[in-house]
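Hi,

Here is the model I promised to pass on. Have a look at it first, and my notes follow underneath.

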Amino acid sequence: MTMLLELDHVTKRYPVGGLFSRQSITAVSDVSFALDAGRPEIFAIVGESGSGKSTMAKMVLGNEVPDGGRLVFDGVDIATIRGRDAREAFMAKVQPVFQNPFEAFNPLTPVDAYLFATAHRFCGANDQASKEGLTDRALQRVGLSLAEIKGRFSHELSGGQLQRVAVARALIPAPKLIVADEPVSMVDASLRMSIVNLFRALRDELKVSIIYITHDLATAYYISDRVIIMRSGEVVESGDARAVLDNPRNAYSIALKNAVLPPDPKAAAAAIRDRRILNRADAGAA
Ligand code: ADP
Ligand code: MG
């Protein structure tokens, strides 16, 4: 079995209390899991605010280095990737989608410029025709087209549309892994399911693996294959998403579940659609 990504006892601490303080907080503590290269899946990292989810995302993306343990992508320790070419090759394979698409796109730059730049940077597209071709193909994948967004600015699009554009941008380099950090929490509740379903389609049709980070058990239950539940940097429960979320053993997971989750997936999906669940989930995580 070849591994796409392997986390081996990963720990990350941040200093607190100023320059001369020796104190630190442990944002991520001894986390291990692996994604199989031959079996694309949606792997959910679930936890309340401050549980270490974004720190995990940053380490997988190579933007933070662990203090203990290793993250190995495609057989290479991410912390050892040096030099511009190796770094670019890694970034092409592991692409981010962030929580707030309005922060990801500068309001003064048309959104298509970001996609053209990505096509240039990672796919070597030099002329406008090939940039537009790659961009349009990625946009079609997410249910949009270049014609719809050409020359438009972020404020002219809805949060849901803009998040689709962000996903399209991430798809341009044909990544093997997408790290989506709370990708639907800024999206209008009525549009969340369509974005969440889009991730499923990417897994099934493009065979891309997705690390789906959320504080919301309902969408995690709905789309994930496997899940880890984090609290204060530690994994308190992990396994097959249905098994864990149907029968949580840890008190924290049970509390999370009781707060947000109706028992059957169809009911969960319906509840997400008509906002009941996510409003409660948001309140619970705040
Ligand atoms: P989550 O994404 O689950 O809300 P984070 O990974 O952002 O959690 O944060 C986990 C913990 O690490 C929190 O206590 C947070 O305050 C702390 N933390 C995150 N980033 C930094 C940083 N750059 N410096 C200091 N502390 C940080
Ligand atoms: Mg976060």
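To start with a small detail: how many residues lie between β4 and β5 in their hairpin, and which residue in the turn has a positive phi? There are two residues between the strands, and Asp-74 has the positive phi, about 50°. Helices (H or I, at least four residues) and strands (E, at least two) are DSSP runs, numbered from the N terminus.

Before the rest, some housekeeping. This is a predicted model, with pLDDT of at least 70 needed for local features and 80 or more for side-chain atom pairs, while totals for chains, interfaces and linings use all residues. Residues are numbered from 1 along each chain as its sequence is written, chains are lettered from A and ligands numbered from 1 in the order in which they are written, and side-chain values use heavy atoms, with hydrogens and water left out.

**The four-stranded sheet**

That hairpin belongs to an open sheet of four strands with antiparallel pairing, in the order β2-β1-β4-β5. Two strands count as paired if DSSP finds at least two bridges between them. β2 and β5 are the edge strands, each pairing on one side only. Strand β1 (residues 3-15) is joined to strand β4 (residues 68-73) by five bridges, and Asp-8 sits opposite Arg-70 of β4. From β4 to β5 (residues 76-77) there are two bridges, again antiparallel. Within β5, Val-76 faces Phe-73 and Asp-77 faces Val-72.

**The six-stranded sheet**

The other open sheet I looked at has six strands and mixed pairing, ordered β6-β7-β8-β3-β9-β10. Its edges are β6 (94-97) and β10 (234-240), which each pair on one side only. Ignoring direction, neighbouring strands in this sheet are turned by 15° against each other on average; axes here are lines fitted to C-alpha atoms (for helices over the stretch in contact), and angles between N-to-C directions run from 0 to 180 degrees.

At one edge, β6 pairs with β7 (residues 177-181) in the parallel sense over four bridges, with Val-97 opposite Ala-180 in β7. At the other edge, β9 and β10 are antiparallel over six bridges, and Arg-226 has Asp-240 in β10 as its bridge partner. The hairpin of β9 and β10 has two residues between the strands, and Ser-232 takes a positive phi near 50° there.

**Helices on the sheets**

Which strands does α1 lie across in the six-stranded sheet? They are β3 (42-47), β6, β7, β8 (209-214) and β9 (226-231), and the helix runs at about 150° to β7. Contact means heavy atoms within 4.5 Å. α8 (residues 189-206) also packs on this sheet, touching β3, β7 and β8, and its direction makes about 160° with that of β8. α1 lies across β1, β2 and β4 as well, at about 125° to β1.

**Ligand 1**

α1 turns up again at the ligand. The residues around ligand 1 (those with a heavy atom within 4 Å of it) include Tyr-14, Ile-25, Ala-27, Glu-48 and Lys-53. β2 (24-36) and α1 (53-60) each supply at least two residues of this shell, and α1 gives the most, with three. By type, the shell divides into three nonpolar residues, six polar and two charged. The classes are: Ala, Val, Leu, Ile, Met, Phe, Trp, Tyr, Cys and Pro as nonpolar, Asp, Glu, Lys and Arg as charged, and the others, Gly among them, as polar.

Some distances from oxygen atoms of the ligand:

- Gly-52: 3.1 Å to a polar backbone atom
- Ser-54: 2.9 Å to a polar backbone atom
- Thr-55: 2.6 Å to a polar side-chain atom

On its own, ligand 1 has 560 Å² of accessible area, and the protein covers 63% of that (Shrake-Rupley method, 1.4 Å probe).

Cheers

Note on methods
Polar contact = N/O pair within 3.5 Å; in protein donor to acceptor, adjacent residues only side chain to side chain.
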